[in-house]
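User: I should like to learn how to read a protein surface that faces DNA. Could you take me through one example?

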There are 2 protein chains.
Amino acid sequence: MKPSIHPMDHDCRPVGEILHQIGGKWTVLIINTLSDGPMRFSELKRMVGGISQKVLTSTLRELEMDGFITRTVTPSIPPRVDYELTDLGRDLQRPLKVLGQWAIDNRPKVLDARRQYLAENPQAAKQYKGLHYVPQLQAAE
Amino acid sequence: MKPSIHPMDHDCRPVGEILHQIGGKWTVLIINTLSDGPMRFSELKRMVGGISQKVLTSTLRELEMDGFITRTVTPSIPPRVDYELTDLGRDLQRPLKVLGQWAIDNRPKVLDARRQYLAENPQAAKQYKGLHYVPQLQAAE
DNA sequence: CAGAATCCAACTGGATACTG
DNA sequence: CAGTATCCAGTTGGATTCTG
């Protein structure tokens with residue numbers, strides 16, 4: 001089922017699209033990692049850490065398709081492929097940084113809200129699938 | 001597989017979390033809709049348009065759990081439930097607006113990049129699952 | 001090295017029916 | 001009205017194996 005198109009769709013549809021696109025588990029992490037400069041596939045995989053080869057490949061493809069990164073193949077043996085942010089990709093980092101700062105600033109509030117909710121509705125804890133570290137006030141990182 | 005935790009995780013993990021959380025297909029749409037003021041369940045469903053009742057319910061629960069909205073029950077017959085943005089929820093709209101503006105400003109570039117990519121790699125069009133309206137230069141909306 | 005291909009478990013989200 | 005409970009199809013993403 002797709003969102004129907006209402007008159008007031010002035011500005012939230014594109015947002016939803018972008019968010020859904022970069023909302024992938026690894027996308028932001030990858031973009032951020034690439035901000036240090038071009039990087040090879042294996043290097044990127046190592047830096048990001050924990051991502052499977054298949055998912056890294058497909059995520060990179062999407063980013064390339066959207067014009068956020070470039071993919072440069074050096075047909076040597078063994079082959080070498082470098083990924084690099086485009087201007088558009090680098091530009092995306094700016095609004096991303098704003099949201100990122102907000103996330104950092106307000107994460108305590110969110111975690112508190114979540115803790116309180118779970119305290120008030122213990123039964124909700126069961127099917128809880130939310131953020132991975134909900135839990136018991138782990139020390140500040 | 002979860003992202004492993006590296007030293008350089010300074011600021012992208014929380015971002016990824018938030019993005020993944022609000023990256024749901026409807027989340028932003030709902031937050032935006034609620035910015036006009038409190039709204040009942042059915043009203044919200046109608047405004048958002050196209051969302052199933054189950055998904056609306058669970059999305060609202062998540063937003064409530066994270067402290068972005070409040071849920072107020074009026075135990076009349078028939079019952080009445082109102083949803084309203086909290087301060088935190090309203091505060092979230094600011095960085096969201098930044099990203100939204102970026103999305104609006106740059107969507108043409110993304111769509112162009114996508115068109116070009118699909119033109120160069122016709123075989124990629126097959127398993128293409130990306131943004132819903134990739135396509136043939138539909139008139140400006 | 002950088003993937004493509006395959007298989008499979010888990011999660012998402014829609015449709016439908018039922019309830020306080 | 002505002003859900004809850006099921007059922008089920010489609011997608012995501014991890015693990016593994018194979019290749020230019």
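**Reading a DNA-facing surface**

Analyst: One begins by asking which secondary-structure elements face the nucleic acid. In this predicted model, the surface near DNA strand D draws at least two residues from each of helix 4 (53-65) of chain A and, in chain B, helix 3 (41-48), helix 4 (53-65) and strand 3 (80-85). The most, four residues, comes from helix 4 of chain B.

User: Which residues come nearest to DNA strand D?

Analyst: Here a residue belongs to the surface if one of its heavy atoms lies within 4 Å of the strand. There are 20 residues around DNA strand D, and those that come nearest are Lys54(A), Ser42(B), Gln53(B), Arg71(B) and Tyr83(B). By class, the surface comprises nine nonpolar, five polar and six charged residues.

User: How is one to tell which parts of DNA strand D, sugar or phosphate or bases, lie within 4 Å of the protein?

Analyst: One sorts the DNA atoms by type. For DNA strand D, sugar or phosphate accounts for 59% of the atoms within 4 Å of the protein, and bases for the rest. Individual polar contacts then add detail. The side chain of Arg71(B) has an N or O atom 2.4 Å from a phosphate oxygen of DNA strand D. For the side chain of Ser42(B), the corresponding distance to a phosphate oxygen is 2.7 Å. The side chain of Arg40(B) places an N or O atom 2.9 Å from a sugar or linking oxygen of the strand.

User: What is the bridge partner of Arg40(B) in strand 3 of chain B?

Analyst: To answer this, one follows the bridges between strands. Arg40(B) has Asp82(B) as its bridge partner in strand 3 of chain B. Strand 1 and strand 3 of chain B are paired antiparallel over two bridges. In chain B, three strands form an open sheet in the order 1-3-2, with antiparallel pairing. Strand 1 (39-40) and strand 2 (69-74) of chain B are the edges, each with a single partner strand, so one side of each has no neighbour in the sheet.

User: How many helices and strands does chain A have, and in what pattern?

Analyst: For a whole chain, one counts the elements and then reads their order. Chain A has five helices and three strands, arranged along the sequence as α-α-β-α-α-β-β-α. Burial and exposed area complete the description. Of its 141 residues, 47% count as buried. Chain A exposes about 7700 Å², of which carbon and sulfur atoms supply 56%.

Key. Residues are numbered from 1 along each chain as its sequence is written. Chains are lettered from A and ligands numbered from 1 in the order in which they are written. This is a predicted model: local features need pLDDT of at least 70, side-chain atom pairs count only at pLDDT 80 or more; totals for chains, interfaces and linings use all residues. Side-chain values use heavy atoms; hydrogens and water are left out. A polar contact is a pair of N or O atoms within 3.5 Å; within protein, one must be able to donate a hydrogen and the other to accept it, and residues adjacent in sequence count only if both atoms are side-chain atoms. Ala, Val, Leu, Ile, Met, Phe, Trp, Tyr, Cys and Pro count as nonpolar, Asp, Glu, Lys and Arg as charged, and the others, Gly among them, as polar. Buried means under 20% relative accessible area, exposed over 50%, partly exposed in between (1.4 Å probe, protein chains only). Accessible areas come from the Shrake-Rupley method with a 1.4 Å probe; for residues, only the protein chains shown count as cover. Two strands pair if DSSP finds at least two bridges between them.
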